[in-house]
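Please open the model in your viewer, with the sequence panel beside it, and follow the selections below one after another.

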Amino acid sequence: MPRSSFVGGNWKCNGTCNSVSSLTQSLSTTTSNIVGAEVVVAPSTLHLPFVFKNIRGPIQVCAQNISSTGSGAFTGEISAEMLHDFGIRWVILGHSERRKFYHESDELIGEKVRYALLKKLSVIACVGESLEERKNDETTNVVTRQLKAISDNVSDWSRVVIAYEPVWAIGTGEVATPEQAQTVHETLREWISKEVSSSVAEDVRIIYGGSVKPGNSKLLFEKADIDGFLVGGASLKAEDFAAIIKSTL
Ligand SMILES: O=C[C@H](O)COP(=O)(O)O
């Protein structure tokens, strides 16, 4: 069976009460007739309850991070249990901004993936190389190392989407070419086929993130191993996000 497309909108640390309300309303309208793609949006933790209650149509709501520890005496953290209790079923883990600015290691990301799946959340697990790593020809080593740390902690692959996000393409306007992205996606799928199983490799969605816009998404999506997108900046504009989703149908 062909893989259905998957598009995530990562709102990152953006939004006010007014802008989130207006984006939620616009998205509910612009995406109301979309059928055939799995779509999630990830507002900030503070905005999650509002978006969860007010979004309409085919969009699920996703968190941007969780604690690896679960509920308890962990000041400032949000647990998988809390999300699940609230009705939220998705979380982004291992985003390069968490790795870079909050020093999240492969090991910690693996623990978070394990805990999220244990608590019945689904996970968008991110991998991606920096510009320096690409220039040093280390892309394959980096993304497969990151993928192994994730894979070692996956108990149910049907609840995992892998996001390939080259760090040099995030928020820079410098999107990977369809060929560059396809090469890495193929490498990731081959790794999963060899190290996990061919059926998991066949079924798992591998999505691309990094300066995806309505003008470049179609050509990227035409590549065999690109199953959708994790969109940052363009997901803050309802029309652009809807156009990106439609390019995957
Ligand atoms: O999670 C999304 C990515 O970091 C991509 O962000 P961007 O579309 O603003 O480049």
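**A walk around the barrel**

Begin by selecting V123 and V160, for V123 stands opposite V160 in β6. The model you are looking at is predicted, and this pair of residues is a convenient place to enter it. Extend the selection to the two strands, and you will find that β5 and β6 run parallel and are joined by five bridges.

Now keep β6, residues 160-164, on its own. Five of its five residues are buried, so this strand is largely enclosed by the rest of the structure. Show the side chains next: V160, I162 and Y164 point one way from β6, while V161 and A163 point the other way, and all of them are buried. In a regular strand the side chains alternate between the two faces of the sheet.

From the end of that list, move across to the following strand by selecting Y164 together with Y208, since Y164 stands opposite Y208 in β7. The strands β6 and β7 are paired in the parallel sense over four bridges. One step further on, β7 and β8 also pair in the parallel sense, over two bridges, and here G209 has L230 of β8 as its bridge partner. Helix α5, residues 106-118, packs on the sheet, where it touches β4 (90-93) and β5 (122-127), and its direction makes about 170° with that of β4.

With these strands in view, colour the remaining ones as well. Eight strands close into a barrel in the order β1-β2-β3-β4-β5-β6-β7-β8, with parallel pairing. Neighbouring strands of this sheet are turned against each other by 30° on average, direction ignored.

**The ligand and its surroundings**

Which residues are closest to the ligand? Select N10, I170, G209, G232 and G233, which are the closest among the 14 residues that surround the ligand; G209 is the residue you have just met as the bridge partner of L230. The shell around the ligand divides into five nonpolar residues, eight polar residues and one charged residue.

**Helix α11**

Select residues 238-246 next, which form helix α11, and note that D240, F241, A242, I244 and I245 are buried there. To see what covers these buried residues, add the elements β1 (5-10), α1 (17-30), β2 (37-42), α10 (217-221) and β8 (228-231), which are included in that cover.

**Two residues with positive phi**

Is D137 buried or exposed? Go to the loop between α6 (131-135) and α7 (139-151), where D137 is found, and you will see a residue that counts as exposed because 8 other C-beta atoms lie within 10 Å. The phi of D137 is near 65°, a positive value in a residue other than glycine.

Then select S211, in the loop between β7 (205-209) and α10. Its phi is near 60°, again a positive value in a residue other than glycine, but S211 counts as buried because it has 21 C-beta neighbours inside 10 Å.

**Stepping back**

Finally, clear the selection and view the whole protein chain, which has 11 helices and eight strands. Its radius of gyration is 17 Å, close to the 18 Å that the globule rule gives for 249 residues, so the chain is as compact as a globular protein of that length. Along its principal axes the C-alpha trace spans about 45 × 45 × 35 Å, and 45% of the 249 residues count as buried.

Terms used: Residues are numbered from 1 along each chain as its sequence is written. This is a predicted model: local features need pLDDT of at least 70, side-chain atom pairs count only at pLDDT 80 or more; totals for chains, interfaces and linings use all residues. A residue is near a molecule or strand if its C-beta atom, placed from the backbone, lies within 6 Å of it. Ala, Val, Leu, Ile, Met, Phe, Trp, Tyr, Cys and Pro count as nonpolar, Asp, Glu, Lys and Arg as charged, and the others, Gly among them, as polar. A residue is buried if 20 or more other C-beta atoms lie within 10 Å of its own, exposed if 12 or fewer, and partly exposed in between; C-beta atoms are placed from the backbone. Two residues are in contact if their C-beta atoms, placed from the backbone, lie within 7 Å. Two strands pair if DSSP finds at least two bridges between them. Axes are lines fitted to C-alpha atoms, for helices over the stretch in contact, and angles run from 0 to 180 degrees between N-to-C directions. The radius of gyration is taken over C-alpha atoms; the globule rule is 2.2 Å times the number of residues to the power 0.38.
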